[in-house]
Amino acid sequence: MSDLVEAAPPDPADPVGLGTCRCAVRASAGVPGAAEERFRGLLEAAPDAMVIVDDSGTIRLVNAQTEALFGYQREELLGHPVELLVPGRFRPHHTEHRNGYAHNQQVRPMGAGLDLYGLRKDGTEFPVEISLSPLETTDGLLVSAAVRDVSERKAAEERFRGLLEAAPDAMVIVDDSGTIRLVNAQTEALFGYQREELLGHPVELLVPGRFRPHHTEHRNGYAHNQQVRPMGAGLDLYGLRKDGTEFPVEISLSPLETTDGLLVSAAVRDVSERKAAEERINELAALVESSQDAILAKTLDGRITYWNAAAQRLYGFTAEEVLGRHVSMLAPSARKHEITALLERLREGEKVEHFETLRLTRSGGLLDVDVTLWPTRAADGTVVGACAIVRDISDRKRAEAELTELYEQQRHIALTLQRSLMGTPPAIPGLATASRYRPATQGAGVGGDWFDLIPLGAGRVGVLIGDVMGRGLEAAAVMGQLRSAAHALAKTGLQPRQLMQALDTVVADLDVPDQLVTCCYLVIAADAGEVTVCSAGHLPVLVAVPGTRTQALPAPVNAPLGVGGVIYEQCCSSIEPGATLVLYTDGLIETPESDIEDKLTQLVTTLDELPAATPDLEAAAEYVLSTLLPDADGHDDVTLLLTQLPAAPLATATASLPSAPESVPAGRDFLDKALSTWGCAGSTDDALLLLSEVLTNAVQHAQGPIGVHVCRTDTGLTVEISDRSPHLPQPRLAAEDEESGRGLLLVRALADDWGVRPTDEGKTTWFSLKL
C-alpha cells in the first residue's frame with residue numbers, strides 16, 4: 001500500500017469512477033489487475049470501516065464495514081463528498097481540517113484530543129475514532145481513513161467515570177510517568193484543587209515536600225511490582241492540600257494495564273478523625289493501665305476479659321490467672337449473690353455507682369472496696385459487656401470507724417451538756433404535760449432549743465419555749481444562759497411582756513454577733529381559764545380542743561429577741577379546761593424537702609386526729625413526731641411540748657373591799673362564810689389569820705379598792721388579795737420594840753406557799769394552804 005493507486009477519468013457509464021480505478025504498484029506494474037485485487041482484498045479484510053477520499057474530499061473507495069457502519073450502500077457513497085458522513089455541526093470546520101492535512105501529511109489520529117462523531121444514513125450520530133494515512137498515487141493524493149465505532153467504549157468510559165465519581169474516596173489515576181490523568185470530585189474536595197489544576201500535573205503536587213525525593217523512587221518501584229496493595233504499608237502517609245496544610249491519609253494502589261500503557265489508580269482516604277481517635281484511644285489505654293484503681297472488663301456472663309496492673313496489685317492475681325475466669329472468684333462465699341444481682345442490673349443497661357462491698361484477694365484476705373460498674377454497648381446500642389473500677393477503701397473504712405466512734409463520744413458529751421443546760425422541767429400537780437426533744441442529725445447534734453415549766457403559785461403555771469438560731473456549742477451556751485435568766489425572771493411573777501422585755505436586754509448583753517432568738521412565754525391561770533401569751537418571733541402556739549378544729553392561739557406579732565428597740569405586747573385569751581396547748585420549734589415543720597406552710601397544715605391535721613388516735617399526751621407526742629418526721633435523718637433539733645389545761649377549780653368566791661380599816665373584819669367574815677359553805681372548817685383559823693395580816697398591809701400601805709379572790713381545789717385552798725399599789729411588800733425582821741413588820745413573817749411561816757406578783761393595776765399577794 002505504499003505504492004500508488006491510480007484513478008482513470010470517470011466513465012459516463014460509471015459515474016462513480018470505481019470501475020476504472022486500478023492499483024498500480026511500481027514493483028509489479030505489469031500486473032495491475034492482480035495488485036488491485038490484492039488491494040481490494042486487504043481493504044475488505046480490514047476490521048474498521050475504510051473510507052478513501054481524494055484531495056477534493058470525494059469518496060473514491062469504501063469497504064463493506066463502511067456500509068454496515070453508516071447504513072449506506074456502496075453506490076450511495078462513491079463519488080460523493082466525505083462530509084456526507086460528518087454531522088452537520090462539524091461540516092464548516094471539517095473542510096478546513098481536511099485541507100490542512102494536505103499540507104501536513106502523516107499517519108496520525110484525526111482530531112486528536114477531540115470528540116469525533118459519524119453520521120449514519122438514518123440521521124443518527126455515534127462517536128468514532130479515525131486514523132488517517134496519506135497515499136501518494138499517480139493521480140494525486142489519496143487519504144485513507146480508518147473509522148471505528150467507539151460507542152461501546154465511550155459507554156464503558158462513562159460507566160467508569162460514573163463509578164469513579166461515586167467512589168467514597170478520592171481517586172487519582174496517574175500514568176507510568178507520574179502524571180495525573182483522571183481525578184474525581186472527592187479529590188477536588190479533599191485536596192482543595194479544581195480538576196483542571198491537577199490534570200496533566202505530576203502527582204507529587206499532592207505530596208508534602210519532605211516526602212517527594214523518595215516518592216518518585218517508590219512510584220518507579222511499583223511499576224516493577226504491580227499488585228493491588230496499600231501504599232507505604234507500616235508508614236504514616238500524608239497528603240498536601242492546596243492551602244499548604246497536611247493531613248494523614250491511607251492510600252490503596254491498583255494497576256490498570258491499558259492500550260496507552262500502565263495506569264495506577266490510587267484511592268486516597270483522609271484518616272484525620274481516625275488518627276485522632278486512635279491517639280485518644282492510646283491515651284485512654286495508657287491512663288487505664290497506669291490507673292491507681294483496679295480496672296477490669298467482663299462479658300455479660302461474668303467472664304473476665306481485661307485486667308490492668310492495678311487490679312493485679314489489688315487482688316494479687318496476674319492477668320493470666322484471671323482472664324477467662326468468672327468474676328465470682330473475687331467474691332467471698334457470703335457475697336457471691338451480689339455478683340449475680342450486679343450482672344442482672346448491667347444486662348438491663350443500668351450503671352451501678354459506688355457499690356461498697358468486700359472482695360477476696362489471692363492470699364484469702366478480705367478487702368473493703370468501692371465498685372463502679374457500667375455496661376459496654378455495641379454499635380447498635382446492645383449491651384455486650386461491662387467494665388468495673390474497683391477502689392480499695394480499707395483505710396477509709398478504718399478512718400470512718402474511728403471517726404464514728406469519736407463522733408459518738410463528742411455527740412454524747414454535747415448532748416449531755418445540752419440536757420444539763422436545758423434542765424428537766426418539774427412535774428406540776430394537776431397539769432398534764434408531755435415533751436419530746438430530738439437533737440439535730442447533723443454535726444454534734446447540739447442546738448439552741450429549750451423549754452421550761454415554771455410553777456408560779458396560786459394555781460398559775462408559766463410555760464416557756466425558745467430557739468436560739470444556729471447549732472453548735474455557742475448556740476447551746478446562749479440557750480443555757482437564756483433559760484436560766486427566763487426561769488429566774490418568771491419566778492418573780494413578771495407578766496409575759498415584761499419577761500420578754502427583760503430577755504431582750506439579756507440577749508443584747510450577751511454580745512453574740514448576729515444572734516437571734518425566738519421565744520414564747522405563756523401564763524396559764526387555771527381557775528380563770530385564761531392564757532396570757534407573748535411571742536418574740538416564735539411559731540404560733542396551737543390549741544387543740546376535742547371535737548373542734550385546731551386553732552392558733554391569738555398573739556401579737558413581736559420581733560425576735562436580740563433585735564433591740566422593740567416594745568413587746570401580750571394577749572390574754574380564754575381557754576376551756578381540757579384543751580391542749582401545743583408548743584414546738586421550727587425543726588418540727590421546717591425540713592429541706594418541704595414547704596413550711598405545708599408542714600404547718602400537716603401538723604394541724606395531725607392534731608385534729610389525736611382524740612381518736614391517742615389515749616394520752618405521751619402517746620400524742622409520739623404520734624405527732626412519727627407523723628411529721630418519719631425519717632430519723634436530715635432535720636434540725638426539735639422540741640415538742642404538749643400542755644393540757646387542768647380542770648376548773650371546785651369552787652371560787654370573789655369580794656371587793658374599800659381601802660379602810662373596817663375591810664379587815666369584813667374580809668374575815670367573807671372568807672369564814674365561804675369556807676363554811678365549802679366544808680373547809682379545818683383550815684379556817686389559819687386562813688383567817690393570814691387574810692387578816694395581808695388585808696391589814698393593804699389597808700395601811702396600798703390604795704383601794706381591795707379585791708379578795710378565794711379558790712378551792714380538791715387538794716388546796718388559795719387566797720389572793722389585790723390592791724392598786726405597785727410597791728411589792730418585802731418580809732423584814734422587826735425590832736423588839738416595833739409594833740409592825742411581823743405580818744409577812746407570819747404568812748411565810750404558816751402558809752404552804754405564798755408570793756406577790758405585779759399586775760397592770762398594782763399587785764396581787766397570795767397564799768396557799770393544803771386541805
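## Close-up views of a predicted model

**View 1. The lining of the largest cavity is made up of eleven nonpolar residues, no polar ones and two charged ones.** Welcome to the inside of this predicted model. In total, 13 residues line the largest cavity, and those nearest its centre are Lys298, Val327, Arg359, Val371 and Leu373. Its volume is about 110 Å³. Counting cavities of 30 Å³ or more gives one for this model.

**View 2. Several helices and strands share the job of lining the largest cavity.** Look for strand 15 (294-299), helix 11 (336-347), strand 18 (366-377) and strand 19 (383-392), since each of these supplies at least two lining residues. Helix 11 gives the most, with three residues.

**View 3. Five strands come together in an open, antiparallel sheet.** To find your way across, follow the order 30-31-32-34-33. At the edges sit strand 30 (651-657) and strand 33 (753-758), each of which pairs on one side only. On average, neighbouring strands in this sheet are turned by 15 degrees against each other, with direction ignored. As general background, the strands of a sheet pair through backbone hydrogen bonds, in either a parallel or an antiparallel way.

**View 4. Strand 33 and strand 34 run antiparallel, joined by six bridges.** Strand 34 covers residues 763-770. If you would like one pair to pick out, try Gly755, whose bridge partner in strand 34 is Trp766.

**View 5. Helix 18 lies across three strands of the model.** This helix spans residues 663-678. The strands it lies across are strand 30, strand 31 (706-712) and strand 32 (716-723). Relative to strand 30, helix 18 runs at about 165 degrees.

**View 6. Asp636 sits in a loop between a helix and a strand.** The helix is helix 17 (617-628), and the strand is strand 29 (638-644). Is Asp636 buried or exposed? Its relative accessible area is 22%, and buried would require under 20%, so Asp636 counts as partly exposed. Pro439 is 197 residues away from Asp636 in sequence, yet their C-alpha atoms are 7.1 Å apart in space.

**View 7. Stepping back, the chain holds 20 helices and 34 strands.** The chain has 771 residues, of which 43% count as buried. Now consider the contacts between residues at least 6 apart in sequence: 54% of them join residues at least 24 apart.

Key:
Residues numbered from 1 in each chain as written. Predicted model: local features only at pLDDT ≥ 70, side-chain atom pairs only at ≥ 80, totals over all residues. Heavy atoms only, no water. 1 Å grid on protein atoms, 1.4 Å probe; cavity = no way out; pocket = protein on both sides within 12 Å on 5 of 7 lines; lining within 4 Å. Points joined across faces, edges and corners; volume = space filled by probe spheres on them. Helix = DSSP H or I, 4+ residues; strand = E, 2+ residues; numbered from the N terminus. Nonpolar A, V, L, I, M, F, W, Y, C, P; charged D, E, K, R; others polar. Pairing = 2+ DSSP bridges. Axes fitted to C-alpha atoms, helices over the stretch in contact; angles between N-to-C directions. Contact = heavy atoms within 4.5 Å. Buried < 20%, exposed > 50% of the residue type's maximum accessible area, 1.4 Å probe, protein only.
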